[in-house]
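Biologist: I'm new to this one, and I'd like to start small. Could you pick one part, look at it closely, and then show me how the rest connects to it?

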Amino acid sequence: MSRAAETTSTHSLGTTNGGGGIVLSAAEFQGLADMPPELEWFASLESLHTRRAYERDIQDFMAFTGIDAPLGFRQVNRAHVLAWRRSLEARALSGATIRRKLAALASLYEFLCDRNAVEQNPVKGVKRPKVDTYEGKTPALGDHQARALLGAPKLDTLKGLRDRAILSVLLFHALRREEVTRLRVKDFNLMRSGLPHLRVQGKGGKTRFLPTNPATLGHVMEYLERSGHGSDVDGPLFRPLRNTRNGQLDAALTAFGVYEHVVKRYMREIGLTGELFAPHALRATAATNALSHDSDIAKVQEWLGHANIQTTRIYDRRSSRPEDSPTFRVRY
């Protein structure tokens, strides 16, 4: 399932004509025309992490039901989904895992309904495990840890200036790593309503505009001045400092590079370890901090690019702040 979708999503078919377009052979054209919508759905998932997780979930369902070809999904009804859910519960999987697996299957069938491949979504109405708490498991840094992280890069080097700018974008704007890598120079310092904004390309191709934090504005401008690519408005904002494969430095920094060589590196330098290495720790830090300082949760939802406000609630930890514990009210 994934191999065909991956091939299509990376545009590896066809040859290039003189104008730079793609010329499909007759066989390639027919292959795309005959692609089942089940594979089309998989190819449409833009996030690599979502694609990997959903692939495992759909393969789990296929193994349970014995489906071995895309057309097999057309025979599924609600009874099959209910039986799968019971099997997931029998395996003692967490409620969050079961919810995600059902969400993956529901996403597939919503796509099939839109393509008129099936008449109804068999996952619709199937109850999902209740969420015991809206507080998420992704840890958030304390204010002192966030300040230490921002102060960790050495500013006498281009790498230090770049990394401080990246950390500032993450901590003050709650971007996903993939969103950071999609930023172009022209997406920075856009003026809207008289204020500089970041233009962010989020999940599902959705664009959102975020007012730029003044500190971030200064950090990015300093980085661009030193890097010299500020005039390349269509080029990536954050770039690798060296590329040993082809020597090209005008490509975007990868999500892996942002996480491994920036976030985790400086976390180690200031002594942070363990669960704080979670990929979304800085996004959780920014969201938690904004909510703790009385940001409206609906505005935080829009800021984060969440489709559902329940997803935003996992960052609302105002009712469980350790500094509000009765422990600190005891007097002897």
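**One helix, then outward**

Modeller: Gladly! Let's start with helix α6, residues 95–114: at 1.5 Å a residue, its 20 residues should span 28 Å, and since its end C-alpha atoms are 28 Å apart, the two values agree. Please keep in mind that this is a predicted model. Many side chains of α6 are turned away from solvent: among its buried residues are Ile98, Leu102, Leu105, Leu108, Tyr109, Phe111 and Cys113. Lys101 is on that buried list too. The cover over these buried residues includes α3 (37–44), α4 (48–65) and α5 (78–90). Just past the end of α6, Asn116 adopts a positive phi of about 60°.

Now let's see where the nonpolar side chains gather. In soluble globular proteins, such side chains tend to be buried together. Here the largest nonpolar core has 50 residues, and Phe238, Met267 and Leu282 touch the most other members. At least two residues of this core come from each of α7 (143–150), α8, β4 (195–201), α10 (214–227), α11, α12 and α13 (297–304). A second, separate core holds 27 residues, including Tyr54, Ile67, Leu105 and Leu108. Leu105 and Leu108 bring us back to our starting helix, as both are among the buried residues of α6.

Back in the largest core, Phe238 is a good residue to click on. Beyond its neighbours within four places in sequence, Phe238 is in contact with residues including Arg162, Val169, Val180, Tyr223, Ala252 and Leu253. Two of these partners, Ala252 and Leu253, are also touched by Thr181, which reaches Thr254, Ala255 and Val258 as well. Thr181 belongs to helix α9 (residues 177–182), and it counts as buried because its relative accessibility is 16%, with the limit for buried set at under 20%.

Val169, another partner of Phe238, leads us to Ala174. Ala174 is in contact with Val169, Arg208, Arg283, Ala286, Trp303 and Leu304, leaving aside its neighbours within four places in sequence. You'll find Ala174 in the loop between α8 (158–173) and α9. Its relative accessibility is 0%, so Ala174 counts as buried. Although it is not a glycine, Ala174 has a positive phi of about 60°. There is a link across the chain here too: Ala174 and Ala284 are 110 residues apart in sequence, yet their C-alpha atoms are separated by 7.3 Å.

Arg283, one of the contacts of Ala174, takes us to an empty space. Rolling a probe the size of a water molecule over the atoms shows where such space is left. The structure holds one cavity of 30 Å³ or more, and about 70 Å³ of space lies in the largest cavity. Arg283 lines this largest cavity together with Leu170, Leu175, Arg176, Arg177, Tyr259, Val263, Pro279, His280 and Leu282. By class, that lining has six nonpolar, one polar and three charged residues. Helices α11 (255–269) and α12 (281–292) each supply at least two of the lining residues. Notice Leu282, which lines the largest cavity and is also one of the three residues that touch the most other members of the largest core.

One last stop: Asp294, in the loop between α12 and α13. Asp294 has a positive phi of about 70° although it is not a glycine. Unlike buried Ala174, Asp294 is exposed, because its relative accessible area is 67%.

Note on methods:
Residues are numbered from 1 along each chain as its sequence is written. This is a predicted model: local features need pLDDT of at least 70, side-chain atom pairs count only at pLDDT 80 or more; totals for chains, interfaces and linings use all residues. Side-chain values use heavy atoms; hydrogens and water are left out. Helices (H or I, at least four residues) and strands (E, at least two) are DSSP runs, numbered from the N terminus. Buried means under 20% relative accessible area, exposed over 50%, partly exposed in between (1.4 Å probe, protein chains only). Contact means heavy atoms within 4.5 Å. The expected span of a helix is 1.5 Å times one less than its number of residues. On a 1 Å grid over the protein atoms alone, a cavity is a set of points where a 1.4 Å probe fits but cannot get out, and a pocket is an open set with protein on both sides within 12 Å along at least five of seven lines; lining residues have an atom within 4 Å of a point. Grid points are joined across faces, edges and corners, and a volume is the space filled by probe spheres set on the points. Ala, Val, Leu, Ile, Met, Phe, Trp, Tyr, Cys and Pro count as nonpolar, Asp, Glu, Lys and Arg as charged, and the others, Gly among them, as polar. A nonpolar core is a set of buried Ala, Val, Leu, Ile, Met, Phe, Trp, Tyr and Cys residues joined through side-chain atoms within 4.5 Å.
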